[in-house]
Amino acid sequence: MTLPGALLLDLDGTLYTDAGPIAGAWEAVAALRRRDIPFRFVTNTTRRSRAGLVERLRSYGFTVEPEEVFTSVLAGVRLLQDRGARLVAAFVAPATLEDLRAFELAGGTAGGRPARVPDAVVMGDLGDRWTPALLNEAFRYVLDGAALIALQKDRYWLGATGLELDAGPYVAALEYATGLEATVCGKPRPSFYAAALAGLNLGPDVQAAMVGDDLWADVAGAQQAGLEGWLVRTGKFREDVLARSGVRPDRVLTSVAELAAG
């Protein structure tokens, strides 16, 4: 297999699932390092901080440094800082709050009540932690003028019990209720891929590919941003969804392990 000049590697569903690492994933990453093919680990996961993701990868045997991991939460921090946000109501997993420590956090999963209308409501994936009360709280902040920021808007992911709703349906509920469109920070936002690749110091003519299990975030979004989109048949992959999606991956891999043969 001929590999591109650089790769962005999705995490959940591509390198591992809740059941553990994908067979051959460790070997594939090690092969990229041996061949000096630049890459970054990228993810829309909002249930763990970057430090937590590094710890998880290392527990599976991957060699990884924090600067090699770029997340939708870090992309969100950049966007909020560019907008001058200070007070943020974060609706993210408690473990993720540490990556938002640049802001004053009040409301949402940080607890307490903000002294004024937050500059932004930041939404991630809370899974079964979502409650009507939390959704109503976020809804009211947005109605009162807070910007609606979605760290990601993925439809579903492969959890411990099967496919589970991701953050997207909850973001869509607030969009419907408020009549406003959320600003998405992670994949498939073009600036997300650009920021992930920026640290690799690539030349202008280097072709990069995004490898993942999400048709819209990993494949279609990457293609629209000028990258190739490679789909793996692991994680949440479903043949029937691919057939009716209208998305045409540049390559379809049995798993990320195929990269080791490149």
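The six-stranded sheet is where I will start: it is open, its order is 5-4-1-13-14-15, and its pairing is parallel, where two strands count as paired if DSSP finds at least two bridges between them. Strands here are DSSP runs of E with at least two residues, and helices are runs of H or I with at least four, both numbered from the N terminus. At the edges sit strand 5 (69–71) and strand 15 (251–253), each of which pairs on one side only, and the twist averages 25° from one strand to the next. Angles run from 0 to 180 degrees between N-to-C directions, with axes fitted as lines to C-alpha atoms, for helices over the stretch in contact.

Please keep in mind that this is a predicted model, in which local features need pLDDT of at least 70 and side-chain atom pairs count only at pLDDT 80 or more, while totals for chains, interfaces and linings use all residues. Residues are numbered from 1 along each chain as its sequence is written, and side-chain values use heavy atoms, with hydrogens and water left out.

Let me turn to strand 1 (residues 6–10), where five of the five residues are buried, so the strand is largely enclosed by the rest of the structure; buried means under 20% relative accessible area, exposed over 50%, and partly exposed in between, with a 1.4 Å probe and protein chains only. Ala6, Leu8 and Asp10 lie on one side and Leu7 and Leu9 on the other. Strand 1 pairs in the parallel sense over four bridges with strand 13 (residues 208–212), where Leu8 stands opposite Met210, and it also pairs over four bridges, again parallel, with strand 4 (residues 39–43), where Leu9 stands opposite Phe41.

Further along, three bridges join strand 14 (residues 228–232) to strand 15, and Val232 has Leu253 as its bridge partner in strand 15.

Which strands does helix 2 lie across? Helix 2 (residues 50–59) lies across strand 4 and strand 5, at about 135° to strand 5.

Finally, helix 5 (residues 167–178) buries Ala167, Gly168, Tyr170, Val171, Leu174, Glu175 and Thr178. These residues cover an arc of only 165° around the axis, which puts them on the same side of helix 5, the arc being that of the directions from the helix axis to the C-beta atoms. Their cover includes helix 4 (132–143) and strand 9 (147–150), with contact meaning heavy atoms within 4.5 Å. Just after helix 5, Gly179 takes a positive phi of about 75°.
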